[in-house]
Amino acid sequence: MTHISCRGVTVKFGGIVACSELALSVEEGKIYGLIGPNGAGKTTLFNVLSRFQNCDSGSVYYRGQCIDRKRPHEMVRLGISRTFQNINLFSEQSTLDNILVGAHRLAGNPFANIFALPSVRKTQRALLSRAHDVAELLRLENHLDIPVRNLPYGHQKRVELARALASEPEVILLDEPVAGCNSQEVAELKDFVRMINRELGITVLLVEHDMSMVMEVCDYIYVINFGSNLAEGTPAEISRDPKVITAYLGEEE
Amino acid sequence: MSENVGRGAQRHPPGPSQVGPIVSADLLRKRAAIAVLQASFRKQNMILVGLLFLTAAVAPALPFVEDWMATQASLVIIYILAAQGVSILTGQTGLVTVGHGGFLAIGAYTSALLAKYFAVDLSVGLVSGGIAAGLIGCVLGLVFLRLAGAFMAIGTLGFAFFVGTIVNNVPIFEGRDGIQLPHSRMFGMRLGDFGFYYVSLATLGLTTIFVYTLLRSPVGRAFRALRDSEKAAESSGVNRLFYRTLAFTISAFLTGAAGVLNANITGYVSAETYGDIWYSVDFLVATVVGGSSALMGPFVGGAFIVMVPFYLEQLADFAFILKGVVLILVLQFAPAGVCDLIARPLREQRQKQLRRIQDDAEKSPPATLAAFISRGGQ
């Protein structure tokens, strides 16, 4: 079943065409990679998919339904959640609070919550144990009460992953999950991403510059360059593709 | 490395993605221990606040208490109430407001007009003044939806001036001549100075419980999420439009209720006091001095704003200067507020306790919980 797909996505910033006629399709239960040289339009496409960016033409579909008019906060309710390239957390708040915000869509009626009516007590408890579950899954259970700004970089990346996971998504969009991490943190995050996919059955689409991550983790890769689709295929196919090699390394003289 | 990941994890059937029961025994046990400790912290907090209110409730019976103290204490309570409103918007949601004097005026005038023309009870006045301010707050929240930071401060300042102009010039508000309120009655009873004090105290008690519940709920978390990162909040499913407007509404409601009490304590409202922006500035200062994100911040800040000029009456305008100096000192040395400064040792001690529990939990797993787990965690 196709989870998320887009067709003919074009985004212009003034005279600059960030994406032109981009198309991709993400099937349920796999890990997808989106790669391309700097400035290829990967993050723009990501923002289009998560509805943080409107496209000038083209459409985005989720389970066959057009979601062009959805607003960013509605995406989580559909089952799509995302992380950001530069860590985007509630930095003054504790790890637990960050994860709890991620679980916001499970919180129930806000007015019942304001007055802590009996109808939401159970939900509030469930929310808390859900947050603990996710924290323990990503081995953050010893950092729950620490403000995330005091955590090491790799942990912050994990908190962001945890926040995205807390909403019980079906698809998770990871924007450069290992950018800026050291090799040990990269190894950990690789395992976490695999686990999210294998154990929890969540479809993953990730943008990444770290080729070892992309080649080892992804089942299928889309390559874009100058805002257009360049190639797609399995990691083995992509690493042999002359067009991709040219895009990354330049033409042979 | 990889065999370590998700230790204790159970493979899930394909289909809807649920994290489900993935926790191992020692983790669950640790979780339970932490929950117990945190519940005891909450209890301690509640006892502290309860004692504070109890002291305030029995204080009038003390021998050295005089009538003027009741009025002064009521004034402190009014400022606390207004500062609670400001702290929800500025401290929690991160929208700096320099216009809450406008909501105070709306509450005060609603109460004054209702009392003058319909002789309504103070109980009705409190609710309707709060609701009137809340409604305007809701509209203002929608109008200011795209403002942030300094622009929000300027926008709300404009709102305070707008309200000032209205009460100065629209005939029904009687401009600088002002409106005289009939003597305040609560549930039909004439209120003396102490009666009014108890009404204020009871109102503050209710709002404090309300604010406490609100801040601990997912709604409070959504407010703080919007404060710290709108992008991250929205990607977590927080509806920015809804929660911003809600914060504005609740904040305006609380300050509006303070306005009702403020009109009734003096028995008089006029454009001279409510047309000015000094109230707005005072509330913001109270919020900043007390600490904008703490529940008790408004208490410290409200007392500060009322009591400093009171004790420094002889110094006349010098009191204003002192206020400014203290504000600068607070911003310099306790940017999270005086309340945070006081509470820090307590918080650090509690964090240590939490840490100890976590470390202990890793060492020795007790049998009872293992049995609990072996039953399938039921």
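A crossover counts as right-handed if, with the strands pointing away from the viewer, the path from the first strand over the helix to the second runs clockwise. Keep that picture in mind for β7(A), helix α7 (residues 183–200) of chain A and β8(A), which make a right-handed β-α-β unit. The helix and strand names come from DSSP runs, numbered from the N terminus: helices are H or I over at least four residues, strands are E over at least two.

A word on what you're looking at: this is a predicted model, where local features need pLDDT of at least 70, side-chain atom pairs count only at pLDDT 80 or more, and totals for chains, interfaces and linings use all residues. Residues are numbered from 1 along each chain as its sequence is written, with chains lettered from A and ligands numbered from 1 in the order in which they are written.

Now for the sheet. In chain A, six strands line up as β6-β7-β8-β3-β9-β10, giving an open sheet with mixed pairing; two strands pair if DSSP finds at least two bridges between them. At the edges sit β6 (80–82) and β10 (228–233) of chain A, each pairing on one side only. From one strand to the next, the twist averages 20 degrees.

Let's zoom in on β8(A). Strand β7 (residues 171–175) of chain A pairs with β8 (residues 203–207) of chain A in the parallel sense, over five bridges. Among the partners, A:Leu174 is matched with A:Leu206, and A:Asp175 with A:Val207. Strand β3 (residues 31–35) of chain A also runs parallel to β8(A), with four bridges, and here A:Ile31 has A:Val204 as its bridge partner.

So is β8(A) buried or exposed? Five of its five residues are buried, so β8(A) is largely enclosed by the rest of the structure. (Buried means that 20 or more other C-beta atoms, placed from the backbone, lie within 10 Å of a residue's own.) In a regular strand, side chains alternate between the two faces of the sheet. In β8(A), A:Thr203, A:Leu205 and A:Val207 are buried on one side, and A:Val204 and A:Leu206 on the other.

Finally, step back to the domains. The assignment, automatic or from a database, splits chain A into domain 1 (1–79 + 169–253) and domain 2 (95–168). Their centres, taken over C-alpha atoms, are 26 Å apart. The contact (C-beta atoms, placed from the backbone, within 7 Å) takes 12 residues from domain 1 of chain A and 11 residues from domain 2 of chain A.

Technical notes:
Axes fitted to C-alpha atoms, helices over the stretch in contact; angles between N-to-C directions. Buried ≥ 20, exposed ≤ 12 C-beta atoms within 10 Å, placed from the backbone. Contact = placed C-beta atoms within 7 Å.
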